[in-house]
Amino acid sequence: MFMRIDHVGIACHNLEEKIAFFERTFDLTVVAREINEEQGVKEAMLHIADGDGGASYIQLLEPLSPDTPVGRFLAKRGEGVHHVAFGVPDVARALEEIGGKGIRLLDEKPRHGSMGSSIAFLHPKDVGGMLTELVQAPDH
Ligand code: V0V
Ligand code: CO
């Protein structure tokens with residue numbers, strides 16, 4: 001079902017500062033930036049590597065306001081790993097399969113994600129405490 005780890009999402013207070021840190025510490029490069037109003041985030045993708053199943057990234061996330069998923073996460077837990085995103089060939093199909101196994105879906109249907117992708121989230125309480133994102137690349 002999973003083709004790769006597409007990205008690890010990291011919650012931060014200041015996107016520009018965190019980008020500068022990742023660039024200078026790990027020699028990573030920002031390949032996309034976006035404000036996603038629906039998800040309540042300002043985000044940047046830093047490219048890690050290309051593989052058979054597609055590329056993988058670090059996603060840095062700054063909340064657009066305190067009353068958003070990332071804003072609430074920062075208030076409760078502080079900066080750190082917010083979610084892990086897995087690449088799948090077809091998000092709608094993966095949701096059907098995973099939902100059929102009793103895992104709570106936070107999205108009933110795919111939503112708009114970074115770089116033209118389709119995304120959906122699974123409830124962290126049903127996945128061992130890990131907020132899990134499914135990602136379908138735009139050309140699939
Ligand atoms: C909350 N919890 C988490 C968590 N966020 N556990 C692990 N990882 C996280 N990131 C726990 C929290 O500690 C609570 O446990 C419980 O889940 C309920 O959380 P809450 O405090 O009530 O917080 P809410 O109201 O924010 O709800 C949490 C969920 C929400 C996960 C339902 O954040 C959500 O719908 N997230 C999906 C959308 C999203 O995260 N978008 C931003 C990334 P206790 O304390 O009760 O034990 S956007 C993105 O990745 C994009 C655009 C992309 O990749 O392209
Ligand atoms: Co993400």
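This passage describes salt bridges, one helix and aromatic pairs in a predicted model.

Side chains of opposite charge can pair when their charged atoms come close. The structure holds 8 salt bridges. One of them joins arginine 4 to aspartate 6, with 2.7 Å between the closest N and O atoms. Both partners of this bridge are buried: arginine 4 has a relative accessible area of 15%, and aspartate 6 has a relative accessibility of 5%. Each residue counts as buried because its value falls under 20%.

A salt bridge is also found between arginine 111 and glutamate 38, where the closest N and O atoms are 2.9 Å apart. This pair links distant parts of the chain, its members being 73 residues apart. Arginine 111 belongs to strand β6, which covers residues 111-112, whereas glutamate 38 sits in the loop between β2 (29-36) and β3 (41-51). Arginine 111 is partly exposed, at a relative accessible area of 29%. Glutamate 38 is likewise partly exposed, at 48% relative accessibility.

A further salt bridge lies within helix α3 (residues 91-99), which contains both arginine 93 and glutamate 97. The closest N and O atoms of arginine 93 and glutamate 97 are 4.0 Å apart. Along the chain the two residues are separated by 4 residues, about one turn of the helix. Arginine 93 is exposed, with a relative accessible area of 54%, while glutamate 97 is partly exposed, with 37%. Elsewhere, salt bridges with shared partners connect Glu38, Asp107 and Arg111 in one network.

Helix α3 was also examined for the placement of its buried and exposed residues. Val91, Ala94, Leu95 and Ile98 of α3 are buried. Viewed down the helix axis, the buried residues of α3 fall within an arc of 105 degrees, and therefore line one face of the helix. Arg93 and Glu96 are exposed on the other side of α3. The elements that cover the buried residues of α3 include β7 (118-122) and β8 (132-136). At the N-terminal end, α3 is capped by aspartate 90. A side-chain oxygen of aspartate 90 lies 3.2 Å from the backbone nitrogen of alanine 92.

Aromatic rings form 4 pairs in the structure. In one of these pairs, phenylalanine 2 and phenylalanine 86 are stacked, with 4.1 Å from centre to centre and 5 degrees between the planes. The two residues are 84 residues apart and link distant parts of the chain. Phenylalanine 2 is in the segment before β1 (4-11), and phenylalanine 86 is in strand β5 (residues 80-87). Phenylalanine 2 counts as partly exposed, at 41% relative accessibility, whereas phenylalanine 86 is buried, with a relative accessible area of 14%.

Phenylalanine 21 and phenylalanine 22 have ring centres 5.6 Å apart and planes at 85 degrees, so this pair is edge-to-face. Phenylalanine 21 is partly exposed, with a relative accessible area of 35%. Phenylalanine 22 counts as buried, at 9% relative accessibility. Together with Phe26, Phe21 and Phe22 make up one aromatic cluster.

Notes: Residues numbered from 1 in each chain as written. Chains lettered and ligands numbered in written order. Predicted model: local features only at pLDDT ≥ 70, side-chain atom pairs only at ≥ 80, totals over all residues. Heavy atoms only, no water. Salt bridge = Lys/Arg side-chain N within 4 Å of Asp/Glu carboxyl O. Buried < 20%, exposed > 50% of the residue type's maximum accessible area, 1.4 Å probe, protein only. Arc of directions from axis to C-beta. Contact = heavy atoms within 4.5 Å. Polar contact = N/O pair within 3.5 Å; in protein donor to acceptor, adjacent residues only side chain to side chain. Phe/Tyr/Trp six-rings, centres within 6.5 Å; stacked < 30°, edge-to-face > 60°.
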